[in-house]
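This report goes through one protein model, from its confidence values to its helix packing, its aromatic rings and a few single residues. The sequence and structure are shown first.

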Amino acid sequence: MRQTTVWRNEWRLLLADRAPWVLAVLFTAVALYGAWNGRQWSSFQRAAVADIRRTDGERLGKLDSLLQRAEGDSTVSVPPAGALGASGATTHAILDVPPLGGLAVGASDLHPYYARVSVRSKASFMATDEVENPHNLLAGRFDLVFVVVWVLPLLLIALTYNTITGERDQGTMALWRAQPVPASRVLLAKLGVRAGFVLGVACVLLGLMAWLVGVPLGDPAVLLRLLLWLGVVLLYAAFWVGVIVVVNATARSSAASAVLLLGSWLVVVVVIPATVSAVVSAVYPSPSRVALTTALRAASDEAAAQGDTAVNQFLADHPEMLQTGVLAASNAWGRTLAQQERANDAMRPVYAAFDSALAAQHRAAALASMASPAVMAQELLHDLADRSLARFRRFDAAIDRHHEAWQTFFFQRVFGERKVRHAELASLPRFAYEDRSVGEVLAGQGGTLLALLLPTALLWWMGWRRLQQVAVHE
């Protein structure tokens, strides 16, 4: 009997069995629900972004008409620069839905993906977010990443848990040793056919789901990103196949194999992330948002209570804001913004301490996530789909840059007591954000890929060695 004959016979036996088809139907149903959920959320986000852009366009259009009329008619009242910088001319900083957004919800339901930037402090127009630890990263909306991380391993286990132990239970191991093909290759073929069936169904379904959720497959860059996304799915599945081979070749019965594999799934997918979450939270507790808000309110109240003292101190620190050297008493916006910035100056050490604590927790969570292949796989899948927490942090940094440019533009006019002219609308600061390329994502996730690849390779080596021993000595 040749090796090809063994594989062919295994395929026939598998396809004649009802269990694989039942599991395939169940997996299809779960994948469809994940795809529907991802598509619904992405559609909601796109509709929200489109409505925001329409509203921003209408606001700027009205302002454009007003400023044009004011140039030819001195009776037309134009809002002061402070009012325009606070609301009249403001537009939103927007994080667009990525092409693969329907495959993963990620942190997009927890973090803001738009903010209406104004001359006021960032805290007044942008909601802030707590850090996500590895356990929280495994929670959230049901999407295709959830299906891959949680459901795919269970499907593999259900179809392969007794591939080798079943031969022990039936006492047919000696029959395989009598074949002209080495028994280890026969056993590997049995495992390979079953695992291959699951992975084949998974890849076909996930590719179909990508089309259903609206991934633009005609774009070469997007198609490459999707293929890499599927490659991570296969790498994660390969890890579980390695676990299955080792357990199958070690367990003494099918019942013991099932218990060990389900226990492994529970440890990798649930227990380790929960433990890591508890440890990271204990060692690097999240800085208190309540304390930060309280400190900001106290600083604002103090600056308001100081009145002209706070204004004068701010202007002494920023003399470039004044062209005349004196802030007119009638410049209400100038005084308001000066007090606000004085409060922000007092808050800078508090912000720095808060950001430092948050960054320390981010680093600890990223390092601790290496303990769980499930968290690593989910992080990779989110990053390739542009739904990772890191993307929102980059978006937040882009908002900071835009906010600074916006304040500079309007502060010069507020403190210089100048109106905004029609010609200046074209020079308003524009928000800019660009997602990372595939190469940048892979470079940034190189350590995570290696951390997932090494245990997978080790498990496959251990499984093959153990399989050869089983084929010879049992």
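Helices here are DSSP runs of H or I with at least four residues, numbered from the N terminus. Gly38 lies in one of them, helix H2. The model is a predicted one, and its confidence values are taken up first.

**Confidence**

The mean pLDDT of the protein chain is 86, and 91% of its residues reach 70 or more. Among the elements of the chain, strand S1 (residues 92-94) has the highest mean pLDDT, at 96. The lowest, 41, belongs to helix H5 (residues 134-137). Over residues 128-139, pLDDT stays under 50. For this stretch the model has 39 contacts beyond four places in sequence.

**Helix H2**

Two residues of helix H2 can be set side by side: Gly38 and Ala50. Gly38 has a relative accessibility of 0%, and it therefore counts as buried. Ala50 is partly exposed, because its relative accessible area is 46%.

Which residues does Gly38 contact, leaving aside its neighbours within four places in sequence? They are Gly102 and Val105. Gly38 and Trp21 are 17 residues apart along the chain, and their C-alpha atoms are separated by 25 Å. Ala50 and Asp96 are 46 residues apart in sequence, with 9.8 Å from C-alpha to C-alpha.

**Aromatic rings**

The count of aromatic pairs comes to 15. One of them joins Tyr33 and Phe142 in a tilted arrangement, with 5.1 Å centre to centre and 50° between the planes. This pair links distant parts of the chain: Tyr33 is in helix H2 (residues 19-72), while Phe142 is in the loop between H5 and helix H6 (144-160), 109 residues away. Tyr33 has a relative accessible area of 43%, so it is partly exposed. Phe142, with 22%, is partly exposed as well; the cut-off for buried is under 20%.

A second pair is formed by Phe146 and Trp150. Why is this pair called stacked? The ring centres are 5.2 Å apart and the planes are at 10°, and planes under 30 degrees apart count as stacked. Phe146 and Trp150 are four residues apart in helix H6, so about one helical turn separates them. Phe146 is partly exposed, with a relative accessible area of 21%.

Tyr33, Phe142, Phe146 and Trp150 belong to one aromatic cluster, which also includes Trp36 and Trp265.

**Packing of H10 and H11**

Trp265 appears again in the contact between two helices, on the H11 side. Helix H10 (residues 220-250) and helix H11 (residues 254-283) pack at an angle of about 145°, and their axes are 10 Å apart. The crossing of H10 past H11 is right-handed. H10 contributes Tyr236, Phe239, Trp240, Val243, Ile244, Val247 and Asn248 to the contact. From H11 come Ser257, Leu260, Leu261, Ser264, Trp265, Val268 and Val269.

How do the residues of this contact divide into nonpolar, polar and charged? Eleven are nonpolar, three are polar and none is charged.

**Loop residues**

Three residues in loops are compared in the table.

| Residue | Loop | Relative accessibility |
|---|---|---|
| Gly214 | between helix H9 (183-212) and H10 | 40%, partly exposed |
| Asp386 | between helix H15 (373-384) and helix H16 (389-415) | 5%, buried |
| Glu417 | between H16 and helix H17 (438-444) | 44%, partly exposed |

Asp386 has a positive phi of about 60° although it is not a glycine. Glu417 is also a residue other than glycine with a positive phi, here near 50°. On accessibility, Asp386 counts as buried because its 5% falls under the 20% cut-off. Glu417, at 44%, is partly exposed, since that class lies between the limits of 20% and 50%.

Gly214, in the loop that leads from H9 to H10, is 231 residues from Gln445 in sequence. In space, the distance between Gly214 and Gln445 is 26 Å, C-alpha to C-alpha.

Terms used
Residues numbered from 1 in each chain as written. Predicted model: local features only at pLDDT ≥ 70, side-chain atom pairs only at ≥ 80, totals over all residues. Heavy atoms only, no water. Axes fitted to C-alpha atoms, helices over the stretch in contact; angles between N-to-C directions. Left-handed = near helix turned anticlockwise from the far one by under 90°. Contact = heavy atoms within 4.5 Å. Nonpolar A, V, L, I, M, F, W, Y, C, P; charged D, E, K, R; others polar. Buried < 20%, exposed > 50% of the residue type's maximum accessible area, 1.4 Å probe, protein only. pLDDT = per-residue confidence, 0-100. Phe/Tyr/Trp six-rings, centres within 6.5 Å; stacked < 30°, edge-to-face > 60°.
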